[in-house]
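User: Please take a close look at one part of this model, the strand pairing. Then place that part in the wider picture.

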Amino acid sequence: MSEHAIEAVGLRRTYRSRTGWLRPQRREVQAVRGVDLTVGNGELFGLLGPNGAGKTTTIKLLNTLLIPTAGEARICGFDVVRQTREVRRRIGYVFGGDRGLYDRLSARDNLRYFAELYGVPGREQKRRIAELFELVRLTGRENDRVEGYSRGMRQRLHIARGLLHRPRVLFLDEPSIGVDPVAARELRQTVADLAATGTTVLLTTHYMAEADELCGRIAVIANGAIQALGTPAELRHHADGRQVLEVEAYGVSDAQLALIHALPGVREASVVVTGAAQVLTVQSDAGVDVQADVLRALDGVRLGRVTARRPTLEDAYVAIVNRVDAQARPAEAVGV
Amino acid sequence: MIAVGALLHAKQLSRSPFEIATALIVPVVQATLAVYLFRAGGEPGRLLEAAVGAGLMGIWSSVLFGSGGAIQNQRWQGTLEMIMLAPRPPALVVLPITLATALTGTYAMLATLAWGRLLYGIPLTFADPLAFAVAVPGCIISLGMFGLLLASTFVLLRNANALTNTMEYPIWLVSGMLIPITALPGWTGPIGAVLPTTWGARAVREAATGSGPVWPSLGICLAISVACLALGALMMTHVERRARAAATLALA
């Protein structure tokens, strides 16, 4: 058995497209720019990053759906380009969202079909499918058509489908996207149970709490490259020397945000809308008290609760991603 | 796996409201077209031949749009990546889909004959009912295998339906499904001769009207289709790899 479940060295992927006939324009987008990664057997590994960071492309390179432009990857010791079938026998792939299932078939028919495709022996199929319905808590709804399923139920069915052939490595690409909090918690429980049985899981997400709760190690990917890698505790160090001020507000303008960003000692400032309110998060140097300056910049804005706290994993993540954004980024799209 | 896959895909296809509406309307249109064409030609005695020809057109349309559309539908549903990820030769993964489209096409044949009988009183007296009962499924399986060759090209094309639209009428014309091959320009002959649709249509027509021996035509139809299957399987392996390189398995 290979020492590592997943190994990637210098993995790169460039998408090329052409538009127009008379004066064709060629575009190249470098989605992954040299990813090096090893994931041990039985590890639950998180790949975290903003939209367009290269998470899904990385997963698709590892699970054989895409061929790398450069670099190498191995799953359980098998090369993803040359030993595709060996790799596919050992992996499961689950992605988030509504698609990927046969809506007009029942959940049981979906699993029956994929069991055939993935080579689950006929005599085992019935038992395995029943086991998986139990695992993903869909027992009693097996014969319902998938088109009547909620998003959470679909997502659990996706997981059951991904596990039919008892894969050694499971790729979960944003499995909780669009799922309500209760269903997301159930999903997390299912994933944790899987990891406990020795399945290697590579999980991509942009939900920090999910990664923090589940993953032993996390890689933060941005702009197609891994920017930080470590345990959640290690990643938190990226926000060392900082403190965080959170202000509940109603009507912070872009100009005020820019003003706050420019205040002495302020490292990051962002606004997230939660219902009718906004939450302004300001990361600043630990030794500098920016609260008074921030509140002055918000003059005229109705304010709610103001809280000062220590940085969390999410703050560390924001710090890492923003650092990448701040650096001069190589042009993402170039005409060729 | 092929049988279970074909049955489940046929189940999924036959539950589509679009497919159901098409299946209800198209056979009536095709039966009407065939009947009036032959009546206008002063050959009312050949109405059964007309109805069978129209039914074959329905099967062909189902296979063509099914194979092209099936790959595109799998892409839209997000299932194309999931099925191509199976540890199986790509041809084995796609063949059940094309067989399912041929299977649902059987309905077109039956419905066209039924509408022909109900609306126009075409007598359903087949010259050789047993041969007809064998020739129709044989033709369907052949077209399913031919569909694999078509589908292999569609894996690469994100807008495969544009290609399918241009192939429907030329193929049923040169195959002589409705209009006799002898009425077409000579240069279409060699094209028709290499298409399994030509021999399948001929076998079914011969069984229905007794105009010739069924088995040689059906045999040639199956032989060409097996060759298409082998070629399609080779191409499928090649295009699957190209699709992974070009990133065309997913919609975006």
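Analyst: Start with one residue pair. A:Val244 has A:Gln283 as its bridge partner in S13(A). This is a predicted model, and each value here is computed from it.

The pair belongs to a longer ladder. Strand S11 (residues 242-250) of chain A and strand S13 (residues 277-285) of chain A run antiparallel, joined by eight bridges. S11(A) also pairs with strand S14 (residues 302-309) of chain A. That pairing is antiparallel too, over six bridges. Here A:Glu246 stands opposite A:Thr307 in S14(A).

Now the domain level. Chain A is divided into domain 1 (4-236) and domain 2 (241-310). The C-alpha centres of these two domains of chain A are 37 Å apart.

Next, the packing. In the largest nonpolar core there are 158 residues. The members that touch the most others are A:Phe171, A:Val220, B:Ile59, B:Trp60, B:Ala135 and B:Val204. Helix H5 (residues 90-120) of chain B gives the most to this core, with 15 residues. Another core, of 13 residues, lies apart from it. A:Val244 is among the residues of that second core, as are A:Val266, A:Ala269 and A:Val290. So much for the residue that opened this answer.

Back to the largest core, at A:Val220. Leaving aside neighbours within four places in sequence, A:Val220 is in contact with A:Leu48, A:Gly49, A:Gln227 and A:Ala228. Its contacts also include A:Leu235, A:Tyr317, A:Ile320 and A:Val321.

Chain B needs its own look. Chain B has 10 helices and zero strands. Its radius of gyration is 18 Å, close to the 18 Å that the globule rule gives for 252 residues, so chain B is as compact as a globular protein of that length. Along the principal axes, the C-alpha atoms of chain B fill a box of roughly 55 × 35 × 30 Å. Buried residues account for 53% of the 252 residues in chain B. Take contacts in chain B between residues at least 6 apart in sequence: 81% of them join residues at least 24 apart.

Last, confidence. For the complex, the predictor gives an ipTM of 0.78 and a pTM of 0.81. Chain B has a mean pLDDT of 80, with 93% of its residues at 70 or more. Within chain B, confidence is lowest in helix H7 (residues 160-174), at a mean of 74. Confidence is highest in helix H4 (residues 80-84) of chain B, at 88.

Key: Residues are numbered from 1 along each chain as its sequence is written. Chains are lettered from A and ligands numbered from 1 in the order in which they are written. This is a predicted model: local features need pLDDT of at least 70, side-chain atom pairs count only at pLDDT 80 or more; totals for chains, interfaces and linings use all residues. pLDDT is the predictor's confidence in each residue, from 0 to 100. Helices (H or I, at least four residues) and strands (E, at least two) are DSSP runs, numbered from the N terminus. A nonpolar core is a set of buried Ala, Val, Leu, Ile, Met, Phe, Trp, Tyr and Cys residues joined through C-beta atoms within 7 Å. A residue is buried if 20 or more other C-beta atoms lie within 10 Å of its own, exposed if 12 or fewer, and partly exposed in between; C-beta atoms are placed from the backbone. Two residues are in contact if their C-beta atoms, placed from the backbone, lie within 7 Å. The radius of gyration is taken over C-alpha atoms; the globule rule is 2.2 Å times the number of residues to the power 0.38. Domain bounds come from an automatic or database domain assignment. Two strands pair if DSSP finds at least two bridges between them.
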